[in-house]
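Trainee: I would like a close look at one helix and what sits around it. Please take me through it step by step.

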Amino acid sequence: MYSFTGTNIDPAVKTISIATFQNNASNGPSFLAQRFTEDFKDYFQRNTTLKLVPRDGDLQFEGAITAYDFAPAAIQREGNVDQAGQNRLTIQVQVKFVNTKDPLQDLEQTFQSSDSFSATEDITTINNDPRVRVITNNIITDVFNKSVANW
């Protein structure tokens, strides 16, 4: 079966449940889990015709944000001092996907995405930067492609 969104969902699958993702990354912003979960739900609702249910959907997602790492990415030498020319934020999310209609589609996998930021930007600034949402949206797209688009 083919659809315009590129999904490959069995017609018997009618519902989806998405549990709130936990934030197990010690240094991620407090709002990250809730925003990630809401963005995840929105993406699947926009790109499928599945009905979102609180639990026990035909397709079920759950997981946790396991890493929110901000580290130097490009070291530059200024005089006798090595310093970061850029910093990189990497976010990892562990996802468990259950397809109650076709258990062969089930998966448990870690997805990750990252972006580089100027070394002059600190983590507090980055936490509120729209590029963080780009990183999380990349992860959501990857999960979507792996779970229902079968890419």
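**Helix H1 and its surroundings**

Mentor: Start with the order of elements: along the sequence, the protein chain runs β-β-α-β-β-β-β-α-α. That comes to 3 helices and 6 strands. Keep in mind that this is a predicted model. The chain has 151 residues, and 40% of them count as buried. Now look at its contacts with a separation of 6 or more. Residues 24 or more positions apart account for 67% of these.

Now to the helix itself. H1 covers residues 32–47, which is 16 residues. From its first C-alpha to its last, H1 reaches 22 Å. That is close to the 22 Å expected at 1.5 Å a residue.

Which residues of H1 are buried? The list is Leu 32, Ala 33, Phe 36, Thr 37, Asp 39, Phe 40, Lys 41, Tyr 43, Phe 44 and Asn 47. Note that Asp 39 and Lys 41 are in that list, alongside Phe 36 and Phe 40. An α-helix has 3.6 residues a turn, so residues three or four places apart point the same way.

Gln 34 also lies in helix H1. Is Gln 34 buried, exposed or partly exposed? Gln 34 is partly exposed, because its relative accessible area is 44%, and the partly exposed range runs between 20% and 50%. Gln 34 has a partner to find in space. Thr 20 is 14 residues away from Gln 34 in sequence, yet the two are 6.9 Å apart, C-alpha to C-alpha.

Next, the rings. The structure holds 10 aromatic pairs. One of them joins Phe 21 and Phe 40. Their centres are 5.1 Å apart, with 45° between the planes, and the pair is tilted. Where do the two rings sit in the chain? Phe 21 is in the loop between strand S1 (15–18) and strand S2 (22–23), while Phe 40 is in helix H1. They are 19 residues apart, and the pair links distant parts of the chain. Both rings are shut away from the outside. Phe 21 is buried, with a relative accessible area of 1%. Phe 40 is buried too, with a relative accessible area of 0%.

Phe 40 has another ring partner, Phe 36. These two rings have their centres 5.9 Å apart and their planes at 45°, so this pair is tilted. Phe 36 and Phe 40 are separated by about one helical turn, because they are 4 residues apart in helix H1. Phe 36 and Phe 40 are both buried.

Step back to the wider group. Ring pairs link Phe 21, Phe 36, Phe 40, Tyr 43, Phe 44, Phe 61, Phe 97 and Phe 144 into a cluster. Among these, Phe 36, Phe 40, Tyr 43 and Phe 44 are also in the list of buried residues of H1.

Another helix meets H1. Thr 136 lies in helix H3, residues 130–147. What does Thr 136 touch, leaving out residues up to four places away in sequence? The answer is Leu 32, Phe 36 and Ile 91. Leu 32 and Phe 36 are among the buried residues of H1. Thr 136 counts as buried because its relative accessibility is 3%.

Now follow the chain out of H1. Thr 48 is in the loop between H1 and S3. Thr 48 is buried, with a relative accessible area of 10%. Setting aside residues up to four places away in sequence, Thr 48 touches Thr 7, Ile 9 and Phe 144. Phe 144 belongs to the ring cluster. Thr 48 and Asn 8 are 40 residues apart in sequence and 9.9 Å apart in space, C-alpha to C-alpha.

Asn 8 and Ile 9 lead to one more feature, the second largest pocket. Of its 13 lining residues, Asn 8, Ile 9, Asp 10, Asn 99 and Gln 105 lie nearest its centre. The pocket holds about 150 Å³ of space. Its lining divides into 5 nonpolar, 5 polar and 3 charged residues.

End with a contrast from the next loop along. Asp 56 is found between strand S3 (51–52) and strand S4 (59–78). Asp 56 counts as exposed, because its relative accessibility is 62%. Its phi is near 60°, a positive value in a residue other than glycine.

Definitions and conventions. Residues numbered from 1 in each chain as written. Predicted model: local features only at pLDDT ≥ 70, side-chain atom pairs only at ≥ 80, totals over all residues. Heavy atoms only, no water. Helix = DSSP H or I, 4+ residues; strand = E, 2+ residues; numbered from the N terminus. Expected span 1.5 Å × (residues − 1). Buried < 20%, exposed > 50% of the residue type's maximum accessible area, 1.4 Å probe, protein only. 1 Å grid on protein atoms, 1.4 Å probe; cavity = no way out; pocket = protein on both sides within 12 Å on 5 of 7 lines; lining within 4 Å. Points joined across faces, edges and corners; volume = space filled by probe spheres on them. Nonpolar A, V, L, I, M, F, W, Y, C, P; charged D, E, K, R; others polar. Contact = heavy atoms within 4.5 Å. Phe/Tyr/Trp six-rings, centres within 6.5 Å; stacked < 30°, edge-to-face > 60°.
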